[in-house]
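The following exercises introduce a protein structure step by step. Each task is followed by a worked solution, to be read beside the sequence and the model.

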Amino acid sequence: PSKYLLYSLDFERFKTALNSVTVSEDQLFQSDVILTISLADGTFEDFQFADYAVMHPDLQKQYPEIRSFKGVSLQDKSKVIYTTVNIFGVHSMLHTAGKPIEYMDTYTKDLSTYVVYSRNDIENVNSFECHLSTDDVPEDSIQERSEQHRASSQVFRTYRIAISTTIEYSNFHRNAAGVSPSASDAVKRSAVLAAIVTSMTRINSVYNSELSIHLQLIPNNNI
């Protein structure tokens with residue numbers, strides 16, 4: 001990002017606080033865990049956190065060190081933060097009504113420093129231009145099609161998902177996590193699964209609000 005803020009964080013204390021949140025499949029469940037979160041504009045807000053299940057309960061039981069959470073601001077209910085805590089530290093994605101998404105990511109390998117930035121401040125190095133012409137398509141037709149494709153059934157759906165990774169993806173994240181090549185397969189799988197859960201938490205944060213869809217990793221997504 002072209003503009004960002006750096007913050008120090010007591011990772012172990014933060015992790016312990018979040019891990020005290022009860023694991024629950026109830027999307028409406030809210031715990032009494034309240035933590036202060038730094039925002040991209042330099043201010044701080046208190047968020048009340050709840051469990052945010054990305055893994056099937058059976059898979060979650062096998063990896064208690066990999067957790068996802070959803071928090072709502074006590075100052076502004078339109079602010080919802082999605083957070084993962086695992087071997088890679090803390091990764092968060094903040095949604096605010098009418099404003100760009102904000103991110104918090106691990107900045108140092110010792111997990112003590114974090115970078116906070118707005119989506120608007122991310123420099124796009126891959127330029128893309130769409131040359132499709134819509135001059136001959138009536139504006140009201142485009143709007144009508146857009147309305148038709150919105151989720152309108154008012155039903156929140158959960159879909160099972162199985163994710164496999166390439167050798168390159170697995171090796172990259174194992175190295176990023178500092179996992180030794182001589183480590184057990186269980187340790188290696190845990191690191192790769194943590195990376196998958198981090199991505200899925202962010203993907204779900206968009207799917208939940210835009211499509212009323214939640215994707216959940218199947219029980220044996222670690223084989």
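**Exercise 1.** Leaving aside neighbours within four places in sequence, with which residues is valine 115 in contact? State also where valine 115 lies and whether it is buried or exposed.

*Solution.* The model is a predicted one. Step 1: valine 115 belongs to strand β8. Step 2: once neighbours within four places in sequence are set aside, the contacts of valine 115 are Tyr4, Leu5, Leu6, Tyr103, Met104, Asp105 and Tyr107. Step 3: the relative accessible area of valine 115 is 8%. Because buried means under 20%, valine 115 is classed as buried. Step 4: serine 38 lies 77 residues away from valine 115 in sequence, yet the two C-alpha atoms are 9.8 Å apart in space.

**Exercise 2.** Describe the protein as a whole by its secondary structure, burial, contacts and exposed surface.

*Solution.* Step 1: the protein has five helices and 10 strands. Step 2: of its 223 residues, 40% are buried. Step 3: among contacts with a separation of 6 or more, 56% join residues 24 or more positions apart. Step 4: the exposed area is about 13500 Å², and 51% of it is supplied by carbon and sulfur atoms.

**Exercise 3.** In what order do the eight strands of the open sheet follow one another, and which strands stand at its edges?

*Solution.* Step 1: the order across the open sheet is β1-β8-β7-β6-β5-β4-β3-β2, with antiparallel pairing. Step 2: β1 (5-8) and β2 (33-38) each have a single partner strand, so one side of each has no neighbour in the sheet; these two strands stand at the edges. Step 3: with direction ignored, neighbouring strands are turned against each other by 25 degrees on average. Step 4: helix α1 (residues 11-19) packs on this sheet and touches β2, β3 (44-51), β4 (67-73), β5 (79-86), β6 and β8. The direction of α1 makes about 110 degrees with that of β5.

**Exercise 4.** Trace the pairing from β6 through β7 to β8, and identify the bridge partners of glutamate 102 and tyrosine 103.

*Solution.* Step 1: strand β6 (residues 89-96) pairs with strand β7 (residues 99-106) in the antiparallel sense, over four bridges. These strands form a hairpin with two residues between them, and glycine 98 in the turn has a positive phi of about 80 degrees. Step 2: β7 pairs with strand β8 (residues 113-118), again in the antiparallel sense, over five bridges. This hairpin has six residues between its strands. Step 3: glutamate 102 in β7 stands opposite leucine 94, and its bridge partner in β8 is serine 118. Step 4: for tyrosine 103, the bridge partner in β8 is tyrosine 117.

**Exercise 5.** Where do leucine 111 and serine 212 lie, and what is the phi of each?

*Solution.* Step 1: most residues other than glycine have a negative phi. Step 2: leucine 111, in the loop between β7 and β8, has a positive phi near 65 degrees. Leucine 111 counts as buried because its relative accessibility is 16%. Step 3: serine 212, in the loop between α5 and β10 (213-217), has a positive phi near 55 degrees. With a relative accessibility of 23%, serine 212 counts as partly exposed.

**Exercise 6.** At what angle do helices α4 and α5 pack, and which residues make the contact?

*Solution.* Step 1: helix α4 (residues 167-176) packs against helix α5 (residues 185-211) at about 100 degrees, and their axes are 9 Å apart. Step 2: angles of 65 to 115 degrees count as roughly perpendicular, so α4 is roughly perpendicular to α5. Step 3: α4 contributes Tyr169, Ser170, His173 and Arg174 to the contact, while α5 contributes Lys188, Ala191, Val192, Ala195, Ile196 and Ser199. Step 4: sorted by class, the residues of this contact are five nonpolar, three polar and two charged.

**Exercise 7.** Is glutamine 60 buried or exposed, and which residues does it touch beyond those up to four places away in sequence?

*Solution.* Step 1: glutamine 60 is part of helix α2 (residues 57-62). Step 2: its relative accessible area is 10%, so glutamine 60 is buried. Step 3: not counting residues up to four places away in sequence, glutamine 60 touches Val23, Met55, Ile66 and Arg67.

How values were computed:
Residues numbered from 1 in each chain as written. Predicted model: local features only at pLDDT ≥ 70, side-chain atom pairs only at ≥ 80, totals over all residues. Heavy atoms only, no water. Axes fitted to C-alpha atoms, helices over the stretch in contact; angles between N-to-C directions. Parallel < 35°, antiparallel > 145°, perpendicular 65-115°, else oblique. Contact = heavy atoms within 4.5 Å. Nonpolar A, V, L, I, M, F, W, Y, C, P; charged D, E, K, R; others polar. Buried < 20%, exposed > 50% of the residue type's maximum accessible area, 1.4 Å probe, protein only. Areas by Shrake-Rupley, 256 points an atom, 1.4 Å probe, with all protein chains shown as cover. Pairing = 2+ DSSP bridges.
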